[in-house]
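Hi,

Here is the structure I said I would pass on. Have a look first, and my notes on what turned up are underneath.

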Amino acid sequence: MHFQGFVMSHSAGLSLFLGQLVRRPHRVVALAPSSQALACRMAAELPDDRTGPVIELGAGTGKITQALLEAGVAPEDLHAFELNPEFVDCLQTQFPQVHIHHAMAQDMGQLPLPQVRAVVSGLPLLSFPKSAQMAILRASFRAMGPMGVFIQFTYGPNPPVAERVRNALGLRWSKSEKIWGNLPPARVYAFRRNLL
Ligand SMILES: C[S@@+](CC[C@H](N)C(=O)[O-])C[C@H]1O[C@@H](n2cnc3c(N)ncnc32)[C@H](O)[C@@H]1O
């Protein structure tokens with residue numbers, strides 16, 4: 001299913017992604033775009049009620065964006081942040097009704113959105129300094145209500161948010177089964193605030 005017109009072919013998306021991986025390896029930090037299996041598993045962590053704003057961080061070529069729309073998020077409720085201008089063009093072409101922000105994830109707090117339902121991150125978060133992780137997680141939970149969920153994938157064996165950040169914000173989490181159909185295999189973590 002596609003919602004808004006231009007469907008980017010798998011090979012065009014892959015070649016754009018790989019080109020940017022060569023040019024900006026420290027920003028892209030992945031061998032390939034997320035697979036559909038991983039993107040759908042991320043979307044499955046959304047709250048059951050899919051109405052209301054959702055923020056996506058590091059949207060890349062839009063694999064997770066597409067899965068969020070297919071899971072029932074309305075395009076006008078979806079706000080995607082992406083730093084790379086080539087990926088921003090690609091996202092705007094594919095998803096003209098989605099709010100695409102050519103901005104750093106760290107700036108998401110400047111968006112005046114009421115009660116964000118979920119933040120879905122494709123960022124290479126563990127490669128960020130802890131201060132940046134803290135700023136992103138803090139801004140995310142400030143934008144969301146107490147029931148908000150921060151969804152993040154990782155290729156490694158450990159939670160994709162540094163222990164210091166998890167402890168400072170009082171986070172608990174669940175993790176998915178390993179998604180073998182992704183390159184490399186990955187897991188999805190869903191972080192929530194410990195409720196007192
Ligand atoms: C691992 S790729 C994931 C792309 C896509 N979400 C996917 O799953 O295929 C990481 C993406 O985050 C973007 N990115 C890296 N640092 C960022 C930042 N500080 N703010 C916004 N986007 C960032 C990169 O440009 C890249 O598109």
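**What covers helix H4**

Quite a few elements pack over the buried residues of H4: among what covers them are helices H3 (36-43) and H5 (85-94), along with strands S1 (54-57), S2 (78-82), S4 (116-121) and S5 (144-154). Keep in mind that this is a predicted model.

How much of H4 is buried? The helix spans residues 63-70, and six of its eight residues are buried, so the rest of the structure largely encloses it. The buried ones are Ile64, Thr65, Gln66, Ala67, Leu68 and Leu69. Just past the end of the helix, Gly72 has a positive phi, at about 115 degrees.

**Aromatic pairs**

I also went looking for aromatic rings that pair up, and the search of the whole structure gives three pairs. One of them is Trp173 with Phe191, a tilted pair with 6.0 Å centre to centre and 45 degrees between the planes. That pair ties together distant parts of the chain, since Trp173 sits in strand S6 (residues 171-175) and Phe191 in strand S7 (residues 187-193), 18 residues apart.

The two partners are not equally covered: Trp173 has 39% relative accessibility, so it counts as partly exposed, while Phe191 is at 0% and therefore counts as buried. Phe191 also pairs with Tyr189, this time stacked, with 6.0 Å centre to centre and 15 degrees between the planes. Tyr189 and Phe191 are both buried. Put together, Trp173, Tyr189 and Phe191 make up one aromatic cluster.

**Cysteines**

You may want to know about disulfides before you plan anything at the bench. How many are there? The count is zero.

Why is Cys40 not bonded to Cys90? The closest cysteine sulfur to that of Cys40 is the one in Cys90, and it is 18 Å away, which is too far for a bond, because a disulfide needs the two sulfur atoms within 2.5 Å. Seen from the other side, Cys90 is in no disulfide either, with the sulfur of Cys40 as its nearest cysteine sulfur at 18 Å.

Their surroundings differ too: Cys40 has a relative accessible area of 39%, so it is partly exposed, whereas Cys90, at 7%, is buried.

That's the lot from me for now. Shout if anything is unclear.

Cheers

Definitions and conventions
Residues numbered from 1 in each chain as written. Predicted model: local features only at pLDDT ≥ 70, side-chain atom pairs only at ≥ 80, totals over all residues. Heavy atoms only, no water. Buried < 20%, exposed > 50% of the residue type's maximum accessible area, 1.4 Å probe, protein only. Helix = DSSP H or I, 4+ residues; strand = E, 2+ residues; numbered from the N terminus. Contact = heavy atoms within 4.5 Å. Phe/Tyr/Trp six-rings, centres within 6.5 Å; stacked < 30°, edge-to-face > 60°.
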